[in-house]
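Me: Could you take a close look at one helix in this model, the helices it packs against and the ligand beside it, and then tell me about any unusual backbone geometry elsewhere?

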Amino acid sequence: MIQLHDKLFKPFLSEKEILDAIERMAKEIAVEYEDQTPIFVGVLNGAFMFVSDFLKAYPHACEVSFVKLSSYQGLTSTGIVETLLDVPDNIEGRSIIILEDIIDTGRTLQKLVHLFGNTKVKEFKIASLFYKAEVYNGEYPIDYVGLEIPNKFIVGYGLDYKELGRNLREVYQLNQKHMINLVLFGKPGAGKGTQAQFLKEKYNLKHISTGDVFRYNIKNGTALGTLAKSYIDKGDLVPDEVTIKMLEEEVDKNPEADGFIFDGFPRTVAQAEALDNFLESKDMKVDATIALEANDEVLIERLLERGKVSGRSDDQDVEKIRNRFDEYNLKTAPLKEYYEEQNKFHSVNGIGTIDEITLRLTKVIENL
Ligand code: AMP
């Protein structure tokens, strides 16, 4: 197992398996191009090792050039392919064979076909060392394939995870853990923090309470704490960009976690979207959003009780509490719809004993 940034990867293809596949490809292509001088065009950055070993295995006259395209950010293809180094000059009338490290969705390929479609080449063929048949959109035929692989994120032999791993001689695949990521949803006082304590033990999850992180920072007089304090004291929400950045840092601090309980986050649609994008870039997702439901009068009573013990000023003043409910109704309540559209919203009665409510939450989680 190797670690690159925050992720673990396990061995997938040995150097020999890769080189054997390249040799087969070189032989197959050599038979067809023996009596011409094709131009092999490598697609940077990922294909540089493949191009090098391929050329060493190619026995006849040939030329080499490169284009550079980019579409990946972390673990996911962004869908937007940029051209960073364009088609070579003087290719009119020549046979072009693209050397790609990997074809998955086919978006980069589409861009390549488009780029070379404007040139007067004699012939345009595609050779890919790795090929994910399961996800390829099938738009263009792929002429030469080295190894067909399942739809797993891979690194090594030129391919990277956030720029690391390109120098590995072998190919590794992401070691996928079965994670559960939960969002606990509900008004202040609904019992999110209390229930999170039980759930995190039971399912071995990391509990992130944005309110707790802010309070910790206020207590320690950090810059973030000073910034957040004025909002929290009034019962207003802290601005999204501050909260989102902080949340992402908390997740990144825990690469070993089997999952997360997000408590008090997201509280706005912008935060929910940021969370989805952020998790997707790490090949993670929100599995369920569970709302603890209770009426305002019960909640106010609970918060005032808590305020006596915790000393939290935002729990001691009914006006501030009502402002937090207003913030919730205005900015957080629309998230119900956001998660319902993704079929991830679950509602649980938040009135009863702590044990009764834990049991209700457990039932939802076990049915996921
Ligand atoms: P809590 O402990 O969850 O009740 O949060 C206490 C206070 O921290 C809130 O009233 C907000 O001022 C701030 N806060 C906590 N989480 C967030 C969030 N996701 N977005 C904005 N502000 C937050």
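**A helix crossing and the ligand shell**

Reply: In this predicted model, helix H5 passes helix H6 in a left-handed crossing. Two packed helices are described by the angle between their axes and the distance between the axes. For H5, which spans residues 210-219, and H6, which spans residues 223-234, the angle is about 115° and the axes lie 8 Å apart. On the H5 side the contact is made by Phe214, Asn217 and Ile218, and these meet Leu224, Gly225, Ala228, Lys229 and Ile232 of H6. By class, the residues of this contact divide into five nonpolar, two polar and one charged.

H5 also has a part in the surroundings of the ligand, where it contributes four residues, the largest share of the shell. There are 15 residues around the ligand, and those that come nearest are Thr210, Asp236, Gly264, Arg267 and Gln271. Thr210 thus belongs to this nearest group, and its number is also the one at which H5 begins. Taken as a whole, the shell holds five nonpolar, five polar and five charged residues.

Several polar approaches to the ligand can be followed atom by atom. A backbone N or O atom of Val238 lies 3.0 Å from a nitrogen atom of the ligand, whereas the approaches of two arginines are made through their side chains to ligand oxygen: an N or O atom of the Arg312 side chain is 3.4 Å from an oxygen atom of the ligand, and a polar side-chain atom of Arg324 lies 3.5 Å from an oxygen atom of the ligand. Of the 480 Å² of accessible area that the ligand has on its own, the protein covers 96%.

Turning to the backbone, most residues other than glycine have a negative phi, and most peptide bonds are trans. Against that background, the peptide bond from Phe265 to Pro266 is cis, with omega near -5°, and Pro266 has its place in the loop between strand E13 (259-263) and helix H8 (269-281). Arg267 and Gln271, two of the residues that come nearest to the ligand, can be looked at alongside this stretch.

A further cis peptide bond joins Leu44 and Asn45, with omega about 0°; Asn45 is found in the loop between strand E3 (39-44) and helix H2 (48-57). Asn90, although it is not a glycine, has a positive phi of about 55°, and Asn90 is found in the loop between strand E5 (76-85) and strand E6 (95-103).

Methods: Residues are numbered from 1 along each chain as its sequence is written. This is a predicted model: local features need pLDDT of at least 70, side-chain atom pairs count only at pLDDT 80 or more; totals for chains, interfaces and linings use all residues. Side-chain values use heavy atoms; hydrogens and water are left out. A residue is near a molecule or strand if one of its heavy atoms lies within 4 Å of it. A polar contact is a pair of N or O atoms within 3.5 Å; within protein, one must be able to donate a hydrogen and the other to accept it, and residues adjacent in sequence count only if both atoms are side-chain atoms. Accessible areas come from the Shrake-Rupley method with a 1.4 Å probe; for residues, only the protein chains shown count as cover. Helices (H or I, at least four residues) and strands (E, at least two) are DSSP runs, numbered from the N terminus. Ala, Val, Leu, Ile, Met, Phe, Trp, Tyr, Cys and Pro count as nonpolar, Asp, Glu, Lys and Arg as charged, and the others, Gly among them, as polar. Axes are lines fitted to C-alpha atoms, for helices over the stretch in contact, and angles run from 0 to 180 degrees between N-to-C directions. A crossing is left-handed if the near helix is turned anticlockwise from the far one by less than a right angle, and right-handed if clockwise. Contact means heavy atoms within 4.5 Å.
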